[in-house]
Each structure stands twice: as C-alpha cells, then as structure tokens.
Amino acid sequence: MKKRLFTGNNFLGWMQHHLEAGFWIAGICILFFMNTDTSQPSLCVLRFIGFKSCPGCGLGHSIHHALHLNFAQSFHEHLLGIPAVFIILFRIKQLTYPQKAIVYAD
C-alpha cells in the first residue's frame with residue numbers, strides 16, 4: 001500500500017515545518033532587493049514619527065550591503081549586519097537540511 005504524500009495531517013505538518021524556512025528565505029530575498037535610498041518613503045514607524053536614524057533600518061541596510069559583498073558600507077551602517085547574515089544563512093541551512101538523529105547501540 002502506497003503512502004500518499006499530501007494527506008490532511010501530513011500536509012499540515014509539512015507546512016508547519018517549512019514555514020520558518022520560507023519566512024527566512026523570503027526575508028533574505030527582500031533584504032537583497034530592497035532600496036536603500038533614505039530619501040524615498042519608508043514603512044519605518046520611527047522615521048514616520050520624525051527620527052533621523054533607526055537601528056532597525058541601519059541593520060536592514062547593513063544586511064543589504066553585506067549580501068552585495070560591500071562589507072565596508074555594511075560595517076558603516078551597523079556593526080551586527082555581517083554576523084546577522086551568517087546567522088540567518090546558518091538557520092536556513094539548519095531548516096533546509098536537518099541533522100539526522102544519532103542512535104548509539106549498546
């Protein structure tokens with residue numbers, strides 16, 4: 001008897017497992033293609049209120065520059081941009097290729 005790939009519970013379990021990976025992949029793609037021009041309108045609440053600089057915007061711009069391999073500009077925007085890229089890519093790798101459980105025989 002063949003097991004069907006997408007039955008009700010199986011599909012929901014698959015979606016739950018891959019939802020986080022899809023979120024991080026979409027986020028890294030959005031950050032790669034984002035416009036870093038600060039004169040353009042932004043969705044940032046702090047910028048809307050009137051603040052000139054925002055740590056979240058700086059981190060997003062830093063990740064954008066790090067993904068484009070412009071490390072000097074990335075470091076100038078925010079110190080944690082380059083480590084954030086490595087952490088996000090490592091998490092995507094963890095979710096995409098899960099480690100197999102090691103079973104020790106007695």
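**A walk through the predicted model**

Let's start with F33, which is exposed, with a relative accessible area of 66% (exposed means over 50%, buried under 20%, partly exposed in between, using a 1.4 Å probe and protein chains only). This is a predicted model, where local features need pLDDT of at least 70, side-chain atom pairs count only at pLDDT 80 or more, and totals for chains, interfaces and linings use all residues. Residues are numbered from 1 along each chain as its sequence is written, and side-chain values use heavy atoms, with hydrogens and water left out.

Back to the aromatic rings. Searching the whole structure turns up 2 aromatic pairs (ring centres within 6.5 Å for Phe, Tyr and the six-membered ring of Trp; planes under 30 degrees apart are stacked, over 60 edge-to-face, the rest tilted). F23 and W24 make an edge-to-face pair, at 5.3 Å centre to centre with 70° between the planes. F33 pairs with F32: their ring centres are 4.8 Å apart and their planes sit at 85°, so this pair is edge-to-face too. As for cover, F23 counts as exposed at 57% relative accessibility, while W24 is partly exposed at 28%. F32 is partly exposed as well, with 29%.

Now step inside. The largest nonpolar core (buried Ala, Val, Leu, Ile, Met, Phe, Trp, Tyr and Cys residues joined through side-chain atoms within 4.5 Å) has 8 residues: I28, L31, I63, A66, A84, V85, I88 and I92. Helix 1 (8-33), helix 3 (55-67) and helix 5 (81-96) each give two or more residues to this core (helices are DSSP runs of H or I, at least four residues, numbered from the N terminus). Helix 5 supplies the largest share, 4 residues. Pick out L31 from that core: setting aside neighbours within four places in sequence, L31 is in contact (heavy atoms within 4.5 Å) with G60, I63, H64 and L67.

Back out on the surface, V45, L46, F48, I49 and F51 form a nonpolar patch (residues with over 30% relative accessible area and no salt bridge, nonpolar side chains joined within 5 Å). Together they have about 580 Å² of accessible area (Shrake-Rupley method, 1.4 Å probe). A salt bridge here would be a side-chain nitrogen of Lys or Arg within 4 Å of a carboxyl oxygen of Asp or Glu. One of the patch residues, F51, is found in the loop between helix 2 (45-49) and helix 3.

Last stop: Q73, in helix 4 (residues 71-77). Q73 is partly exposed, with a relative accessible area of 28%. Its C-alpha atom is separated by 9.0 Å from that of H61, 12 residues apart along the chain.

Terms used:
Patch = residues over 30% accessible without salt bridge, like charges linked within 9 Å, V, L, I, M, F, W, Y side chains within 5 Å.
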